[in-house]
Amino acid sequence: METNTCKKLNIGVFRNTKSIMKAAVLYKAHDLRLEEIDIPEITKEQVLVRVHSVGICGSDIHYYEKGRIGSFVVKEPLILGHESAGEISKVGDDVKNLKIGDRVAIEPGFACGKCLYCRKGMYNLCDNMKFYATPPVNGAFCEYVAANTGFVYKIPDAMTFEEGSLIEPLSVGIHAARLGKVSIGKTVAILGAGPVGLCVLQAVIVGGASQVIVTDIKDHLLKCAKQLGATEVINAGSYDPVKKILELTDGRGVDIAIEAVGSRVTFRQMFDVVGKGGTVVLIGAPAEDECSIKVLDILSKELTIKGLFRYVDTYPTAIKLVSSGRINLKPLISHIFNLEEIHNGFKVASEKSDNAIKVVIRI
Ligand SMILES: [Zn+2]
Ligand SMILES: [Zn+2]
C-alpha cells in the first residue's frame, strides 16, 4: 500500500517537473534523429500544446531530402512539421480565451500583426513571419510546442487530432478557391490530386463550382478525387489532359485552372486548359526557379495569374466546414505512424508508396 502511494507520488512529481521531451530533429538531408530536448518556454501570450498529430507535408519532404527549399537552408538542427493539432497543457498569464485541456489545431505561421502587410490584411506576407519548420523556427514533430494564442483554434470533440492537423492543407485549398474567385457555376480544373489538390477540390465544390475536373498520374488519388466529388478525373499518364479538358468544356477551357503539383509540365498545361477571361492559380513550386509561359495566351485570353503563399484567415472556416461534414478529411489520411517510426513515415510519404495520400505522425 505504502509502496503504491509512493509510486503514484513519484510519477506525479516526475510529471510536474518534466522539462525534457522527445523530438525528431533534422541535422541535414536524410539525417533525422530522435532526441530528447528541452520543452519550450512560453511567453505571457503563448500556450504550450501537447502535440498529438502532425501531417508530413511536401515541404517537410523537401527539407528531409535536400536540406533546403530555395533560400531557406537547414544550417542548425531543425524540427520539421507544421500541420499539427494537440491539447493545451499550459497557458501564459495573459491568455484569456484558451484553457488547459482544450483540443486545438495550430495555425503554424505567427504573423507580427504590426507590419504593412499585416495591417493590409495580408498577414501571410508578414515581414516578420515565424513559421514552424522553416529555418530557423522549429516545427511540431515533438511532444510540446509553444504557440501564439491568436493562431490556436479550438476543435470540436468529434474531430480527431488527425483531422485537426489536416486543417492546415485544407487552409491552402480554401485560400486557392478564394484567390481563384470560385463561385456558383464556375468550371474548374485542378492539376494534381495529392492532399492539397484534394483539399482544393473540396473547397471549390463548397464554393459552388459546377464542374471540377481533376488530373493526376496516380489512379488511387484520382479514385479518391472522384469519391470526394470531382465531376471528371483524367489520368494524365494515359491520356492527354489538355485535349480531354477541352473536350469536356466544349472546346472553351475552364474558368479557373489550379496547379497543385509544382512541375514544369502541369505549369504549361494550365495555360492550355484555361479559357478566355480565366484565372490560373499557382500553388505548387516547381523544382526550377524559372519556367516559360505562353505570354500570348495571357494577353489574348486576358488571363489573371494568381500566386499562392500559405493562407489568410482560413482556420475558423476550415474547422466549421469539417465539423459540419461539408468537407471530409478522413479519406486523405492513408497512413499513421508513431514518432518512433518517423523514418518510415518519411519513406512512405516521399516515395508515395503503398497508395499513400497523407501520412500523419502520432506523437
Ligand atoms: Zn503543409
Ligand atoms: Zn507582420
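Student: In this predicted model, what makes the pairing of the Glu162 and Arg362 side chains a polar contact?

Tutor: The two side chains come to 2.9 Å. The cut-off for a pair of N or O atoms is 3.5 Å, so the pair of Glu162 and Arg362 counts as a polar contact.

Student: Where is Glu162, and why is Glu162 called buried or exposed?

Tutor: Glu162 sits in helix 4, residues 161-165. Its relative accessibility is 9%, and buried means under 20%, so Glu162 is buried.

Student: Which residues does Glu162 touch, leaving out those up to four places away in sequence?

Tutor: Glu162 touches Ser53, Ile333, Ile336, Val360 and Arg362.

Student: Which atoms coordinate the zinc ion (ligand 1), and how do you know that they are donors?

Tutor: They are SG of Cys57, NE2 of His82, and OE of Glu83 and of Glu168, at 2.3 to 2.5 Å. Donors are N, O and S atoms within 2.8 Å of this metal, so these atoms qualify. Along the chain, the donors follow the spacing C-x24-H-E-x84-E. His82 and Glu168 link distant parts of the chain, 86 residues apart. His82 is in the loop between strand 6 (78-79) and strand 7 (83-91), while Glu168 belongs to helix 5 (residues 167-179).

Student: Why is the arrangement around the zinc ion (ligand 1) called irregular?

Tutor: The four donor atoms subtend angles of 86 to 170°. A tetrahedral label needs all angles between 85 and 135 degrees, and 170° falls outside that range. For square planar, opposite donors must be over 155 degrees apart and all others between 65 and 115. The arrangement is classed as irregular, which means that the angles do not meet either set of limits.

Student: What are the relative accessible areas of His82 and Glu168, and how are these residues classed?

Tutor: His82 has 5% and Glu168 has 4%. With buried set at under 20%, both residues are therefore buried.

Student: How do you know whether the span of helix 5 agrees with its number of residues?

Tutor: Helix 5 has 13 residues, and the expected span at 1.5 Å a residue is 18 Å. The end C-alpha atoms are 18 Å apart, so the span agrees.

Student: What makes helix 5 largely enclosed by the rest of the structure?

Tutor: Of its 13 residues, 12 are buried, so helix 5 is largely enclosed. Among the buried residues are Ile167, Glu168, Pro169, Leu170, His175 and Leu179. After helix 5 comes Lys181, with a positive phi near 55°.

Student: Why is His175 called buried, and what is His175 in contact with?

Tutor: His175, in helix 5, has a relative accessible area of 9%. That value is under 20%, so His175 is buried. Leaving aside neighbours within four places in sequence, His175 is in contact with Asn124, Leu308, Phe309, Arg310, Tyr311, Val312 and Thr314.

Student: How many salt bridges does the structure hold, and what makes Asp31 and Lys28 one of them?

Tutor: The structure holds 12 salt bridges. The closest N and O atoms of Asp31 and Lys28 are 3.5 Å apart, and the limit is 4 Å, so the pair counts as a salt bridge. Asp31 is buried at 14% relative accessibility, whereas Lys28 is exposed at 51%.

Student: Which parts of the chain does the salt bridge of Lys154 and Asp102 link?

Tutor: The two side chains meet at 4.0 Å, N to O. Lys154 lies in strand 12 (residues 152-154), and Asp102 in the loop between strand 7 and strand 8 (103-106), 52 residues apart. Lys154 is partly exposed at 46%, whereas Asp102 is buried at 6%.

Student: How are Lys243 and Glu247 placed in helix 8, and how are they classed by accessibility?

Tutor: They are four residues apart in helix 8 (residues 241-248), so about one helical turn separates them. Their salt bridge has its closest N and O atoms 3.8 Å apart. Exposed means over 50%; Lys243 at 53% is therefore exposed, whereas Glu247 at 49% is partly exposed.

Methods. Residues numbered from 1 in each chain as written. Chains lettered and ligands numbered in written order. Predicted model: local features only at pLDDT ≥ 70, side-chain atom pairs only at ≥ 80, totals over all residues. Heavy atoms only, no water. Helix = DSSP H or I, 4+ residues; strand = E, 2+ residues; numbered from the N terminus. Buried < 20%, exposed > 50% of the residue type's maximum accessible area, 1.4 Å probe, protein only. Polar contact = N/O pair within 3.5 Å; in protein donor to acceptor, adjacent residues only side chain to side chain. Contact = heavy atoms within 4.5 Å. Donors = N, O, S within 2.8 Å, 3.2 Å for Na, K, Ca; no water. Tetrahedral: all angles 85-135°; square planar, octahedral: opposite > 155°, others 65-115°. Expected span 1.5 Å × (residues − 1).
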